[in-house]
Amino acid sequence: MSDAAALDFDPDALRERYRAERDRRLRPEANAQYVEMAGDFRHYIDDPYVDPGFTRAPLTDQVDAVIIGGGFGGLISAARLREAGVGSIRIIEKGGDFGGTWYWNRYPGAQCDIESYIYLPLLEETGYIPKEKYSFASEIRAHARRIGETFDLYKDACFQTEIRQMRWLEDEKLWLITTNRDDAMKARFVVMSNGPLNRPKLPGIPGIETYEGHAFHTSRWDYAYTGGSSEGGLDRLADKRVAIIGTGA
């Protein structure tokens, strides 16, 4: 008996079907199909969830560990370091709070497609039981804050901050980290937990640079314009025509 007969389907035919579907979606220009959010498009990546005009004094201190990125990867690293007895831990995060991609993505109905008991880290350590089998974004974001509070990670965190350079100081056996806030802090260890999901892309379609209507990216949802919240109730769109480009959200 052939393998296909034993399985009751032809694996090679199935693979070919998936290859054909994939090839239909591949574009020869690859990433060139997108527009970089710079110049006239820079406002698309502004943070709508923080008050404008944030400033703070530059930091020139020293910590044991700097973690780049305040998503779950960075939070787990920081929590385990804290459990190991590391005292001074600093998370550097572009957003205004912990959460990573869940800090940015607050569009109506945003929800994780992985079961919460698998996806949400440090549940036992924080004493939290998820409300949903598949958590909504607001619950996930709240859990990220819960981790930060449980492990005392807010104390030294640097939010709304981006790394400019990291340089190893051989004579001091320390890392020198400079940021867009004019920080020049030092650390014994650096943990890289940054990811690409905080930077959205725009479709490179004709006319996007001259479009005069109101536009925003779903990862920077403009509730001031639409009304409502992540739970719905977008009452200010009642008399609007809305176009959605992309199927992710």
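Is Gly95 buried or exposed in this predicted model? With a relative accessibility of 0%, Gly95 counts as buried (buried is under 20% relative accessible area, exposed over 50%, partly exposed in between, using a 1.4 Å probe and protein chains only).

Some ground rules before going on. Residues are numbered from 1 along each chain as its sequence is written. Because the model is predicted, local features need pLDDT of at least 70 and side-chain atom pairs count only at pLDDT 80 or more, while totals for chains, interfaces and linings use all residues, and side-chain values use heavy atoms, with hydrogens and water left out.

**The chain as a whole**

The protein chain has eight helices and seven strands; these are DSSP runs, helices being H or I with at least four residues and strands E with at least two, numbered from the N terminus. Along the principal axes, its C-alpha atoms fill a box of roughly 65 × 60 × 40 Å. Out of 249 residues, 34% count as buried. Take the contacts (heavy atoms within 4.5 Å) between residues at least 6 apart in sequence: 58% of them join residues at least 24 apart.

**Loops that meet**

Back to Gly95, which is in the loop between β3 (89–92) and α4. Ignoring neighbours within four places in sequence, Gly95 is in contact with Asp47, Tyr103, Trp104, Phe159 and Gln160. Val50, from the loop between β1 (34–35) and β2 (62–68), touches Gly96, Tyr103 and Gln160, again not counting residues up to four places away. So Tyr103 and Gln160 turn up in the list for Gly95 and in that for Val50. Val50 is partly exposed, at 21% relative accessibility.

Gly99 is in the loop between β3 and α4 too, and it counts as buried at 5% relative accessibility. Leaving out residues up to four places away, Gly99 touches Gly70, Gly71 and Ala144. Ala144 is itself one of the buried residues of α7.

Here are the C-alpha separations for these three loop residues.

| Pair | Apart in sequence | C-alpha to C-alpha distance |
|---|---|---|
| Gly95 and Glu162 | 67 residues | 9.2 Å |
| Val50 and Asp97 | 47 residues | 9.3 Å |
| Gly99 and Gly74 | 25 residues | 9.5 Å |

**Helices α7 and α2**

How does the span of α7 check out? Its 14 residues (137–150) should cover 20 Å at 1.5 Å a residue, and the end C-alpha atoms are 20 Å apart, which agrees; the expected span is 1.5 Å times one less than the number of residues. Ala137, Glu139, Ile140, Arg141, His143, Ala144, Ile147 and Gly148 are the buried residues in α7. An α-helix has 3.6 residues a turn, so residues three or four places apart point the same way. The cover over the buried residues of α7 includes α3 (72–83), α4 (101–104), α5 (116–119) and α6 (123–126).

Helix α2 passes the same kind of check: the 15 residues 11–25 should span 21 Å, and the end C-alpha atoms are 22 Å apart, which agrees. At its start, a side-chain oxygen of Asp10 comes within 3.0 Å of the backbone nitrogen of Asp12. That is a polar contact, meaning a pair of N or O atoms within 3.5 Å; within protein, one must be able to donate a hydrogen and the other to accept it, and residues adjacent in sequence count only if both atoms are side-chain atoms.

**Positive phi values**

Most residues other than glycine have a negative phi, and most peptide bonds are trans. Leu122 has a positive phi near 60°; it is in the loop between α5 and α6 and is buried, with a relative accessible area of 7%. Gln160 has a positive phi near 50°. Gln160 is in the loop between α7 and β4 (163–169), and at 19% relative accessible area it is buried. Just after α7, Asp152 takes a positive phi of about 55°.

**The largest pocket**

The largest pocket has a volume of about 1,700 Å³. Of its 45 lining residues, Phe216, His217, Thr218, Ile244 and Ile245 are the closest to the centre. α4, β7 (202–203) and α8 (223–226) each supply at least two lining residues. On the method: a 1 Å grid is laid over the protein atoms alone, and a pocket is an open set of points with protein on both sides within 12 Å along at least five of seven lines, its lining residues having an atom within 4 Å of a point. Points are joined across faces, edges and corners, and the volume is the space filled by probe spheres set on them.

Terms used: On a 1 Å grid over the protein atoms alone, a cavity is a set of points where a 1.4 Å probe fits but cannot get out, and a pocket is an open set with protein on both sides within 12 Å along at least five of seven lines; lining residues have an atom within 4 Å of a point.
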